[in-house]
Amino acid sequence: MIKLGLLVQSQNNSLGIGKVTEISDTNAIVEYFCSIGQRLQKTLPLSSLSEVKLEPQARCYIKFPTQDKWIVGRVFIWDDDTEMYQIDLPDKKTAIASVEDIYVRCNLPNTDPIQTLAMKGHETPYFHDKRLAFVKSLTQQRAVSRGMTGLISANINLYPHQVEVVRRVLEDPIQRYLLADEVGLGKTIEAGAILRQFLLDEPKKGAVVIVPQYLLKQWRTELENKFYISHFGKRVAVLAVEDIHKINLKARIGCLILDEAHHIAAMATSKDATVRQRFQTCKELAHKSDRLLLLSATPVLNHEQDFLAMLHLLDPTTYKIGDLAGFRTKVESRQQIGKLLLSFKEDAEPEVLKSNLQQLRNLLAEDKYLLKLADDLENCLQANSTEQEQIVQAIRVHVSDIYRLHRRMLRNRRAAVEDVIFDRNFTPKEEYDLDERSLDIHELLNQWRSVAPAQKQYQRVFLLLFLAAGTWLGILEQVITARLTAKPHAKLIQEFKEDDIRLLTTTPKFSGEEEILQSLLKIIRQPQEDGQRTENLKTVLLNQLGTYFKIPANVRKNQKEFITRIQQRIKRPISGDILPKFIVFTSFVQTCGEIVRYLSDTFGADTVASHQLGESPDKVEEGLNRFKNNPNCFILVCDRSGEEGRNLQFADWLIHFDLPWSPNQLEQRIGRLDRIGSKIGIQSSALIGPYLEDSPHNAWYKVLKDGFGIFQQSIASLQFYVDEKLAELETALFESSAAGLLEMIQPIQEQIEAEIVKISEQNTLDEIDANDEIATQYFQDLDNYDARHLEIKRAIEGW
């Protein structure tokens with residue numbers, strides 16, 4: 001019931017809280033308190049009014065009938081028994097007041113604050129001081145970030161090269177870029193920060209992220225955990241490229257992100273009409289989207305067709321998809337400029353600078369700005385001026401910006417990124433097979449190779465036998481059976497390419513081949529209790545766990561007791577036990593399943609997770625999450641489906657159960673751990689076959705280690721060279737086995753050295769300089785502010 005003196009609100013207006021001063025039959029006069037000297041009265045229907053109970057800490061003004069002054073305080077509590085408010089006053093005093101004595105400011109602004117200030121009715125300095133620290137902190141944050149709050153408000157570590165990419169994109173009014181950092185440098189983080197800023201700046205627009213199917217869950221998790229994407233409702237759609245047909249082409253897309261853009265670009269020339277249509281859909285979306293980010297680490301050299309298709313998505317006017325010849329000419333013309341720029345550095349000798357300066361003048365004779373900088377540098381060199389470094393840097397920046405393949409392509413190289421990613425050191429400990437059958441298998445395969453006709457189809461069949469002999473021998477048994485029966489095993493189709501299976505089953509058997517293959521089958525099917533490769537893997541794991549758990553040497557000598565002790569420790573860990581995380585990679589799907597089964601029997605099913613072709617995406621993600629977050633799950637077994645795109649840098653050990661024939665595949669495998677955020681001192685092992693001097697498996701390992709140098713340096717930029725070299729290596733394996741492979745090591749080393757120089761000449765123009773003055777200062781300001789997180793926390797708590 002509405003009574004005189006009550007505090008009320010009306011549903012007929014938005015003036016807030018008022019006080020009932022007069023009541024008639026159906027109406028009431030409500031007085032709205034703006035300030036002591038400013039009040040407003042409204043006649044309102046009684047039915048529109050409802051009583052208000054003041055919340056704790058509500059600011060109130062009190063005028064007792066017996067006093068001639070106003071008191072300002074805050075509500076502490078309402079007492080139902082006495083129907084009175086307890087009010088906290090300044091100087092830790094307290095007052096008890098009825099609702100009739102209390103006034104609360106309405107929602108109207110105070111047009112004349114002088115009266116409030118005169119009677120000291122404003123907030124106390126205590127609240128001002130507490131809140132001022134937060135206001136200063138927030139103001140400084142916005143100043144430091146230059147409006148790029150999406151970067152500093154994300155849950156990420158700040159790295160100079162990533163911050164510079166984000167800064168360049170966000171400060172450009174036309175945000176259409178190819179982010180081309182090398183593998184493992186964090187293109188996803190860069191794209192996520194840019195996406196977050198877009199969502200903050202454009203509250204009414206949406207975004208679409210297109211990714212490969214196998215990375216769908218990982219992208220969604222990254223965007224949520226690091227960029228809080230759920231805070232923006234349904235404004236972001238993350239879709240697999242296979243589902244791109246679900247997008248309404250008429251929809252307005254504010255920001256489009258295409259991950260693994262080189263795969264999308266390759267669709268343009270696919271023989272499959274469905275795949276080509278996906279590219280057309282991507283092209284339509286890319287050309288109409290306000291903002292576009294393409295993510296790809298593929299180098300331009302030797303990938304001109306795919307690269308042209310990517311740039312066509314970015315800029316269709318300049319880069320016509322049919323002008324491949326013209327694009328290749330442009331790439332070649334940059335080679336000489338890049339070669340000059342490689343040696344044109346701030347610390348170069350004056351004579352080198354003068355020589356390169358003249359060549360730049362000749363190459364770029366129409367560039368007036370460059371010619372002026374060249375004259376300035378020449379004068380500096382003659383006068384031995386301190387401005388030399390600044391002018392050299394200005395020339396490098398100008399040439400890079402103007403003559404790069406596309407001014408909106410941003411590339412960071414691992415070699416140029418300091419203190420962010422550790423030098424690669426993944427040389428594995430060599431583990432040799434102890435299987436007594438290995439020697440006989442090796443001799444029979446060598447016999448098959450020696451008597452097989454010197455023809456390409458037999459060369460390819462031998463490669464399949466070689467690869468099958470280097471993993472779980474169930475694969476070799478299936479390959480031999482398929483060869484003998486001319487019918488492929490049902491599960492073999494998921495292990496090798498369709499063309500290879502056809503060659504295996506249709507190539508005529510040569511004289512004496514069947515006897516060799518039957519002998520091989522007989523050996524493989526011999527009962528074998530010890531020495532199998534899975535047994536070898538178990539031994540590697542046991543030895544590492546024994547070292548970790550500090551199991552005494554006398555216990556280790558007794559295999560049964562050793563395993564029991566390890567199993568007990570896993571089931572009942574003692575305080576401080578944190579099991580190391582092991583990742584086991586194999587190239588074969590069935591081998592993956594066999595390893596999972598064997599290790600589950602040894603250590604328990606809860607300790608092993610898998611990433612296996614044919615498993616549902618949900619099961620794969622469940623296994624990955626369990627491996628990452630469950631301390632008792634310490635082994636992850638992956639087939640080739642886990643070798644691309646996954647972030648597994650939290651692991652401690654990488655074990656190669658077998659080595660793939662493609663070094664590019666091995667590069668992807670190592671790249672799951674060799675990336676930003678990886679641990680120091682990740683260890684590695686490789687199971688490389690029998691300990692024989694003429695073992696082709698051991699020779700292949702040496703080609704990978706010493707020839708390609710893949711365990712000590714990334715070969716991501718050498719993809720094309722590597723692919724071309726495989727045919728030559730396959731021939732060497734077939735014609736001369738281990739000796740032929742070993743002879744290839746030195747030529748490969750020399751050719752890679754020359755290839756790296758050519759790639760560097762191209763990349764010199766395209767890579768960005770995260771160490772220039774502007775970039776360095778911006779990052780330093782951000783990093784300095786971020787380092788004050790405890791001070792920021794106190795300011796927020798104070799508010």
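This passage describes a strand sheet, the pairing of aromatic rings and two contacts between charges and rings in a predicted model.

An open sheet is formed by 5 strands, arranged in the order β4-β3-β2-β1-β5 with antiparallel pairing. The edges of this sheet are occupied by β4 (38-45) and β5 (49-51); each has a single partner strand, so one side of each is left without a neighbour in the sheet. On average, and with direction ignored, neighbouring strands of the sheet are turned by 45° against each other. Strand β1 (residues 7-10) runs antiparallel to β5, and 3 bridges join the two. Within this pairing, S10 has L49 of β5 as its bridge partner.

Aromatic contacts were examined next. A pair of aromatic rings is described by the distance of the centres and the angle of the planes. In the model, the count comes to 19 aromatic pairs. One of them joins W448 and F462, with ring centres 6.0 Å apart and planes at 15°; since planes under 30 degrees apart count as stacked, the pair is therefore assigned to that class. W448 belongs to helix α14 (residues 438-451) and F462 to helix α15 (residues 456-469), so the contact ties together parts that are 14 residues apart in sequence. Both W448 and F462 are buried.

Helix α15 also contributes F466, whose pair with W661 is edge-to-face, at 6.1 Å centre to centre and with 80° between the planes. W661 is located in the loop between β21 (653-656) and α24 (663-671), whereas F466 lies in helix α15, so this pair ties together parts that are 195 residues apart in sequence. The relative accessible area of F466 is 2%, and the residue is buried. W661, at 9% relative accessibility, likewise counts as buried.

The stacked residues W448 and F462 are also members of a cluster linked by ring pairs, in which they are joined by Y458, F510 and F734.

Contacts between charged side chains and aromatic rings were considered as well. The charged end of R39 is placed over the ring of Y103, at 5.2 Å from the ring centre. R39 falls within the residue range of β4 (38-45), a strand at the edge of the sheet. In a further contact of this kind, K581 lies over the face of F627, and the distance to the ring centre is 5.2 Å.

Definitions and conventions:
Residues numbered from 1 in each chain as written. Predicted model: local features only at pLDDT ≥ 70, side-chain atom pairs only at ≥ 80, totals over all residues. Heavy atoms only, no water. Pairing = 2+ DSSP bridges. Helix = DSSP H or I, 4+ residues; strand = E, 2+ residues; numbered from the N terminus. Axes fitted to C-alpha atoms, helices over the stretch in contact; angles between N-to-C directions. Phe/Tyr/Trp six-rings, centres within 6.5 Å; stacked < 30°, edge-to-face > 60°. Buried < 20%, exposed > 50% of the residue type's maximum accessible area, 1.4 Å probe, protein only. Lys NZ or Arg CZ within 6 Å of the ring centre and 35° of its normal.
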